[in-house]
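Biologist: I would like to learn how to read a structure, feature by feature. Where do we start?

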Amino acid sequence: MVVEVIRYLNPAPGKVFVDATVGGGGHSYHLLQVEPNIRLYAIDCDSTSLQVAIRNLSAWRDRINFIHANFVSLHQLVTEPVDGILFDLGLSSLQLEDPQRGFSFRHDGPIDMRFDTSVPFTAYNLITQSSYWELAQIIKQYGEERYANVIAKNIKQRRPETTSELYTAIVDALPQNYRNKSKVAARVFQALRIKVNNELSNLQSVLPVAVDLLKPGGRLVILSYHSLEDRIVKHFFKSCNSIKILTPKPIVPSATEIADNPRARSAKLRAAEKL
Ligand SMILES: C[S@@+](CC[C@H](N)C(=O)[O-])C[C@H]1O[C@@H](n2cnc3c(N)ncnc32)[C@H](O)[C@@H]1O
(Lines give C-alpha, C1' and ligand atoms only; values in the text may rest on other atoms or scores of the structure.)
Protein backbone atom coordinates (compact mmCIF):
# COMPACT_ATOMS: atom_id res chain seq x y z
CA MET A 1 0.00 0.00 0.00
CA VAL A 2 2.93 2.26 -0.68
CA VAL A 3 0.88 4.61 -2.89
CA GLU A 4 -1.72 5.13 -0.16
CA VAL A 5 0.97 5.58 2.51
CA ILE A 6 2.66 8.35 0.48
CA ARG A 7 -0.69 9.98 -0.32
CA TYR A 8 -1.66 10.15 3.35
CA LEU A 9 1.79 11.43 4.37
CA ASN A 10 1.16 14.27 1.89
CA PRO A 11 4.78 15.22 1.08
CA ALA A 12 5.74 18.75 -0.04
CA PRO A 13 9.04 20.67 -0.24
CA GLY A 14 10.49 21.63 3.16
CA LYS A 15 8.39 19.18 5.18
CA VAL A 16 9.92 17.00 7.91
CA PHE A 17 8.97 13.32 8.28
CA VAL A 18 9.67 10.44 10.63
CA ASP A 19 9.80 6.86 9.38
CA ALA A 20 9.69 5.21 12.80
CA THR A 21 10.17 1.69 11.37
CA VAL A 22 12.41 2.25 8.35
CA GLY A 23 13.39 -1.44 7.91
CA GLY A 24 15.18 -1.75 4.56
CA GLY A 25 13.91 1.70 3.60
CA GLY A 26 11.16 0.74 1.11
CA HIS A 27 8.56 3.35 2.12
CA SER A 28 11.15 6.07 2.69
CA TYR A 29 12.60 5.38 -0.75
CA HIS A 30 9.22 6.06 -2.38
CA LEU A 31 8.61 9.12 -0.21
CA LEU A 32 11.98 10.62 -1.20
CA GLN A 33 11.44 9.77 -4.85
CA VAL A 34 8.10 11.59 -4.85
CA GLU A 35 9.52 14.59 -2.98
CA PRO A 36 13.30 14.74 -2.43
CA ASN A 37 13.16 18.21 -0.82
CA ILE A 38 12.19 16.95 2.60
CA ARG A 39 14.09 16.03 5.78
CA LEU A 40 13.64 12.57 7.24
CA TYR A 41 14.28 10.84 10.56
CA ALA A 42 14.77 7.14 9.73
CA ILE A 43 14.47 4.99 12.84
CA ASP A 44 14.79 1.25 13.40
CA CYS A 45 15.76 -0.78 16.44
CA ASP A 46 17.35 -3.44 14.21
CA SER A 47 20.88 -2.33 13.35
CA THR A 48 21.17 -4.84 10.46
CA SER A 49 18.03 -3.43 8.79
CA LEU A 50 19.22 0.11 9.40
CA GLN A 51 22.46 -0.66 7.52
CA VAL A 52 20.36 -1.87 4.57
CA ALA A 53 18.29 1.34 4.71
CA ILE A 54 21.47 3.45 4.77
CA ARG A 55 22.61 1.70 1.57
CA ASN A 56 19.22 1.88 -0.15
CA LEU A 57 18.68 5.55 0.68
CA SER A 58 22.25 6.70 0.01
CA ALA A 59 21.12 9.06 -2.79
CA TRP A 60 19.45 11.26 -0.14
CA ARG A 61 22.05 10.75 2.61
CA ASP A 62 22.31 14.47 3.48
CA ARG A 63 18.55 14.75 4.06
CA ILE A 64 18.25 11.79 6.45
CA ASN A 65 19.03 11.34 10.11
CA PHE A 66 19.44 7.55 10.60
CA ILE A 67 18.77 6.48 14.20
CA HIS A 68 19.27 3.05 15.74
CA ALA A 69 16.70 3.11 18.53
CA ASN A 70 13.37 1.86 19.74
CA PHE A 71 10.55 4.18 18.67
CA VAL A 72 9.22 4.00 22.20
CA SER A 73 11.72 6.84 22.97
CA LEU A 74 10.40 8.97 20.11
CA HIS A 75 10.15 12.11 22.22
CA GLN A 76 13.92 11.93 22.88
CA LEU A 77 14.86 10.99 19.31
CA VAL A 78 12.94 13.75 17.55
CA THR A 79 12.96 17.14 19.22
CA GLU A 80 11.23 19.30 16.58
CA PRO A 81 7.61 19.36 15.41
CA VAL A 82 7.16 17.26 12.26
CA ASP A 83 4.73 17.05 9.32
CA GLY A 84 4.25 13.29 9.19
CA ILE A 85 5.07 10.08 11.05
CA LEU A 86 4.89 6.58 9.60
CA PHE A 87 4.70 3.35 11.58
CA ASP A 88 4.87 0.19 9.45
CA LEU A 89 4.59 -2.26 12.32
CA GLY A 90 5.85 -5.77 12.90
CA LEU A 91 8.72 -7.41 11.09
CA SER A 92 10.21 -7.10 7.61
CA SER A 93 10.84 -9.85 5.06
CA LEU A 94 14.56 -9.18 5.61
CA GLN A 95 14.10 -10.33 9.20
CA LEU A 96 11.63 -13.13 8.44
CA GLU A 97 13.83 -14.72 5.79
CA ASP A 98 17.03 -14.71 7.87
CA PRO A 99 17.30 -18.13 9.60
CA GLN A 100 19.64 -16.72 12.25
CA ARG A 101 16.93 -14.32 13.47
CA GLY A 102 14.60 -17.20 14.38
CA PHE A 103 11.33 -15.55 13.29
CA SER A 104 10.15 -18.34 10.99
CA PHE A 105 9.61 -22.07 11.28
CA ARG A 106 10.24 -22.34 7.54
CA HIS A 107 13.98 -21.96 8.25
CA ASP A 108 15.86 -23.75 11.00
CA GLY A 109 17.69 -21.49 13.41
CA PRO A 110 17.95 -20.35 17.02
CA ILE A 111 14.72 -19.34 18.79
CA ASP A 112 15.65 -15.67 18.86
CA MET A 113 12.92 -13.33 17.45
CA ARG A 114 14.45 -10.07 18.74
CA PHE A 115 14.06 -7.01 16.51
CA ASP A 116 16.92 -5.40 18.44
CA THR A 117 19.74 -7.92 18.83
CA SER A 118 21.52 -5.66 21.33
CA VAL A 119 18.79 -6.44 23.86
CA PRO A 120 19.71 -9.69 25.66
CA PHE A 121 16.26 -11.31 26.11
CA THR A 122 15.36 -13.80 23.31
CA ALA A 123 12.29 -15.96 22.65
CA TYR A 124 14.35 -18.92 23.89
CA ASN A 125 14.82 -17.10 27.22
CA LEU A 126 11.10 -16.38 27.27
CA ILE A 127 10.22 -20.06 26.80
CA THR A 128 12.70 -21.35 29.36
CA GLN A 129 12.07 -18.67 32.00
CA SER A 130 8.25 -18.62 31.82
CA SER A 131 6.16 -21.07 33.78
CA TYR A 132 3.77 -23.34 31.88
CA TRP A 133 0.92 -21.08 32.96
CA GLU A 134 2.66 -17.85 31.84
CA LEU A 135 3.51 -19.37 28.46
CA ALA A 136 -0.10 -20.49 27.95
CA GLN A 137 -1.29 -16.94 28.74
CA ILE A 138 1.15 -15.44 26.22
CA ILE A 139 -0.01 -17.84 23.49
CA LYS A 140 -3.67 -17.18 24.34
CA GLN A 141 -3.36 -13.42 24.59
CA TYR A 142 -1.00 -12.62 21.69
CA GLY A 143 -1.71 -15.59 19.41
CA GLU A 144 -5.47 -15.84 20.13
CA GLU A 145 -4.90 -19.61 20.01
CA ARG A 146 -7.47 -21.93 21.55
CA TYR A 147 -5.03 -24.84 21.99
CA ALA A 148 -2.70 -22.58 24.02
CA ASN A 149 -2.70 -24.78 27.15
CA VAL A 150 -1.68 -28.06 25.49
CA ILE A 151 0.83 -26.29 23.27
CA ALA A 152 2.46 -24.53 26.24
CA LYS A 153 2.61 -27.84 28.11
CA ASN A 154 4.31 -29.60 25.21
CA ILE A 155 6.80 -26.76 24.71
CA LYS A 156 7.76 -26.84 28.39
CA GLN A 157 8.15 -30.65 28.29
CA ARG A 158 10.16 -30.82 25.05
CA ARG A 159 12.44 -27.82 25.77
CA PRO A 160 13.04 -26.92 22.09
CA GLU A 161 16.28 -25.15 21.20
CA THR A 162 15.70 -24.46 17.49
CA THR A 163 12.80 -23.12 15.44
CA SER A 164 12.26 -26.59 13.89
CA GLU A 165 12.07 -28.20 17.33
CA LEU A 166 9.67 -25.49 18.45
CA TYR A 167 7.49 -26.08 15.38
CA THR A 168 7.37 -29.83 16.12
CA ALA A 169 6.50 -29.21 19.78
CA ILE A 170 3.58 -27.02 18.68
CA VAL A 171 2.09 -29.23 15.96
CA ASP A 172 2.54 -32.45 17.99
CA ALA A 173 0.33 -30.91 20.70
CA LEU A 174 -2.61 -30.59 18.30
CA PRO A 175 -5.26 -33.25 17.67
CA GLN A 176 -3.95 -35.65 15.01
CA ASN A 177 -6.61 -34.85 12.44
CA TYR A 178 -6.27 -31.08 12.91
CA ARG A 179 -6.05 -29.31 9.55
CA ASN A 180 -3.65 -26.49 8.89
CA LYS A 181 -1.25 -27.07 11.76
CA SER A 182 1.11 -24.52 10.22
CA LYS A 183 -1.44 -21.75 10.85
CA VAL A 184 -1.40 -22.59 14.55
CA ALA A 185 2.40 -22.61 14.56
CA ALA A 186 2.36 -19.18 12.88
CA ARG A 187 0.07 -17.85 15.62
CA VAL A 188 2.34 -19.23 18.36
CA PHE A 189 5.47 -17.79 16.71
CA GLN A 190 3.62 -14.47 16.42
CA ALA A 191 2.68 -14.55 20.10
CA LEU A 192 6.26 -15.17 21.23
CA ARG A 193 7.58 -12.44 18.91
CA ILE A 194 5.04 -9.90 20.18
CA LYS A 195 5.97 -10.65 23.78
CA VAL A 196 9.75 -10.67 23.27
CA ASN A 197 9.65 -7.28 21.56
CA ASN A 198 6.93 -5.72 23.78
CA GLU A 199 5.19 -4.81 20.55
CA LEU A 200 1.76 -3.95 21.89
CA SER A 201 2.92 -1.94 24.90
CA ASN A 202 5.42 -0.03 22.72
CA LEU A 203 2.65 0.83 20.26
CA GLN A 204 0.28 1.87 23.02
CA SER A 205 2.79 4.22 24.62
CA VAL A 206 4.17 5.78 21.40
CA LEU A 207 0.84 6.85 19.87
CA PRO A 208 0.18 9.88 22.15
CA VAL A 209 3.85 10.88 21.85
CA ALA A 210 3.58 10.77 18.04
CA VAL A 211 0.49 12.99 18.04
CA ASP A 212 2.28 15.41 20.38
CA LEU A 213 5.19 15.69 17.93
CA LEU A 214 3.01 16.54 14.94
CA LYS A 215 2.54 20.11 13.74
CA PRO A 216 -1.11 21.17 13.27
CA GLY A 217 -2.12 19.57 9.96
CA GLY A 218 0.63 16.91 10.37
CA ARG A 219 -0.25 13.31 9.54
CA LEU A 220 0.07 10.04 11.43
CA VAL A 221 0.03 6.95 9.17
CA ILE A 222 0.00 3.44 10.62
CA LEU A 223 0.19 0.07 8.90
CA SER A 224 -0.67 -2.87 11.14
CA TYR A 225 -0.69 -6.59 10.41
CA HIS A 226 -2.86 -8.24 13.03
CA SER A 227 -6.08 -7.51 14.86
CA LEU A 228 -4.43 -6.82 18.24
CA GLU A 229 -2.35 -3.97 16.79
CA ASP A 230 -5.20 -2.62 14.69
CA ARG A 231 -7.50 -2.57 17.71
CA ILE A 232 -5.01 -0.42 19.66
CA VAL A 233 -4.70 2.07 16.77
CA LYS A 234 -8.46 2.18 16.20
CA HIS A 235 -9.26 2.84 19.86
CA PHE A 236 -6.52 5.41 20.20
CA PHE A 237 -7.75 7.31 17.13
CA LYS A 238 -11.30 7.30 18.51
CA SER A 239 -10.26 8.49 21.97
CA CYS A 240 -7.76 11.18 20.92
CA ASN A 241 -9.49 14.54 20.61
CA SER A 242 -6.56 16.41 19.02
CA ILE A 243 -6.77 14.52 15.70
CA LYS A 244 -9.17 14.14 12.79
CA ILE A 245 -9.50 10.56 11.48
CA LEU A 246 -8.80 10.42 7.71
CA THR A 247 -9.72 6.73 7.31
CA PRO A 248 -13.17 6.04 8.84
CA LYS A 249 -12.60 2.44 7.72
CA PRO A 250 -9.07 1.02 7.46
CA ILE A 251 -7.59 0.87 3.96
CA VAL A 252 -6.75 -2.71 2.92
CA PRO A 253 -4.60 -3.97 0.04
CA SER A 254 -6.13 -4.69 -3.37
CA ALA A 255 -6.46 -8.26 -4.66
CA THR A 256 -3.58 -7.60 -7.10
CA GLU A 257 -1.32 -6.41 -4.29
CA ILE A 258 -2.15 -9.52 -2.22
CA ALA A 259 -1.42 -11.74 -5.23
CA ASP A 260 1.97 -10.01 -5.66
CA ASN A 261 2.78 -10.09 -1.95
CA PRO A 262 0.75 -12.63 0.08
CA ARG A 263 2.22 -11.26 3.35
CA ALA A 264 0.29 -8.03 2.72
CA ARG A 265 -3.07 -9.79 3.07
CA SER A 266 -3.59 -8.82 6.70
CA ALA A 267 -2.36 -5.23 6.35
CA LYS A 268 -4.57 -2.36 7.51
CA LEU A 269 -3.76 1.28 7.02
CA ARG A 270 -5.15 3.98 9.30
CA ALA A 271 -4.31 7.67 9.05
CA ALA A 272 -5.14 10.76 11.07
CA GLU A 273 -4.38 14.49 10.96
CA LYS A 274 -3.46 16.71 13.92
CA LEU A 275 -5.98 19.48 14.47
C1 LIG B 1 7.38 -4.01 8.45
S2 LIG B 1 9.04 -3.58 8.75
C3 LIG B 1 9.24 -2.03 7.97
C4 LIG B 1 9.53 -2.11 6.53
C5 LIG B 1 9.77 -0.74 5.89
N6 LIG B 1 8.61 0.10 6.01
C7 LIG B 1 10.15 -0.88 4.43
O8 LIG B 1 9.40 -0.39 3.58
O9 LIG B 1 11.20 -1.46 4.15
C10 LIG B 1 9.01 -3.14 10.43
C11 LIG B 1 10.35 -2.65 10.99
O12 LIG B 1 10.07 -2.04 12.24
C13 LIG B 1 11.13 -2.32 13.12
N14 LIG B 1 10.57 -2.16 14.46
C15 LIG B 1 9.60 -2.89 15.06
N16 LIG B 1 9.34 -2.41 16.28
C17 LIG B 1 10.16 -1.35 16.46
C18 LIG B 1 10.36 -0.43 17.52
N19 LIG B 1 9.67 -0.52 18.67
N20 LIG B 1 11.26 0.56 17.36
C21 LIG B 1 11.97 0.68 16.22
N22 LIG B 1 11.84 -0.17 15.17
C23 LIG B 1 10.94 -1.16 15.29
C24 LIG B 1 11.54 -3.73 12.78
O25 LIG B 1 12.87 -3.95 13.19
C26 LIG B 1 11.37 -3.73 11.25
O27 LIG B 1 12.58 -3.42 10.63
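Modeller: We start with strand pairing: two strands pair if DSSP finds at least two bridges between them. The model here is predicted. In it, strand β1 (residues 16-19) and β4 run parallel, and three bridges join them.

Biologist: Which residue in β4 does F17 stand opposite?

Modeller: F17 stands opposite G84.

Biologist: How many bridges join β4 to strand β5?

Modeller: Six bridges link β4 with β5 (residues 214-224), and these two strands also run parallel. One pair to look at is D88, whose bridge partner in β5 is L223.

Biologist: How do I read whether strand β4 is enclosed by the rest of the structure?

Modeller: Look at relative accessible area: a residue is buried when the value is under 20% and exposed when it is over 50%. In strand β4 (residues 82-88), seven of the seven residues are buried, so the strand is largely enclosed by the rest of the structure.

Biologist: Next, the ligand. Which residues are the closest to it?

Modeller: For this we list residues with a heavy atom within 4 Å of the ligand. The ligand is surrounded by 23 residues, and the closest are D44, N70, F71, D88 and Q95. D88 is also the residue whose partner in β5 is L223.

Biologist: How does the shell around the ligand divide into nonpolar, polar and charged residues?

Modeller: The shell has eight nonpolar, twelve polar and three charged residues.

Biologist: How do I read a polar contact with the ligand?

Modeller: Look for a pair of N or O atoms within 3.5 Å. In the side chain of D44, an N or O atom is 2.7 Å from an oxygen atom of the ligand. Backbone atoms take part as well: a polar one of G26 is 3.1 Å from a ligand oxygen, and a polar one of G25 is 3.4 Å from a ligand oxygen. As for cover, the ligand taken alone exposes 600 Å², and the protein buries 92% of that.

Biologist: Can we do the same for a contact within the protein? Where does E145 lie?

Modeller: E145 lies in the loop between α7 (132-143) and α8 (148-158). The relative accessibility of E145 is 2%, so this residue counts as buried. Its side chain makes a polar contact of 2.9 Å with the side chain of R187.

Biologist: Is A264 buried or exposed?

Modeller: A264 has a relative accessible area of 9%, so it is buried. It lies in the loop between α13 (255-260) and β7 (268-274). A264 and S254 are ten residues apart along the chain, and their C-alpha atoms are separated by 9.5 Å.

Biologist: What about backbone angles? Which sign does phi of M113 have?

Modeller: Phi of M113 is positive, near 70°, and M113 is not a glycine. M113 sits in the loop between α5 (93-96) and α6 (123-129). At 0% relative accessibility, M113 is buried. N198 is another non-glycine residue with a positive phi, about 50°. N198 lies in the loop between α10 (181-196) and α11 (199-213), and with a relative accessible area of 41% it is partly exposed.

Biologist: How many disulfides does a search of the whole structure find?

Modeller: The search finds zero disulfides. Two cysteines can still be read for burial. C45 is buried, with a relative accessible area of 14%, and C240 is buried, at 14% relative accessibility.

Technical notes:
Residues are numbered from 1 along each chain as its sequence is written. This is a predicted model: local features need pLDDT of at least 70, side-chain atom pairs count only at pLDDT 80 or more; totals for chains, interfaces and linings use all residues. Side-chain values use heavy atoms; hydrogens and water are left out. A polar contact is a pair of N or O atoms within 3.5 Å; within protein, one must be able to donate a hydrogen and the other to accept it, and residues adjacent in sequence count only if both atoms are side-chain atoms. Accessible areas come from the Shrake-Rupley method with a 1.4 Å probe; for residues, only the protein chains shown count as cover. Ala, Val, Leu, Ile, Met, Phe, Trp, Tyr, Cys and Pro count as nonpolar, Asp, Glu, Lys and Arg as charged, and the others, Gly among them, as polar. Helices (H or I, at least four residues) and strands (E, at least two) are DSSP runs, numbered from the N terminus. Buried means under 20% relative accessible area, exposed over 50%, partly exposed in between (1.4 Å probe, protein chains only). A disulfide is a pair of cysteine sulfur atoms within 2.5 Å.
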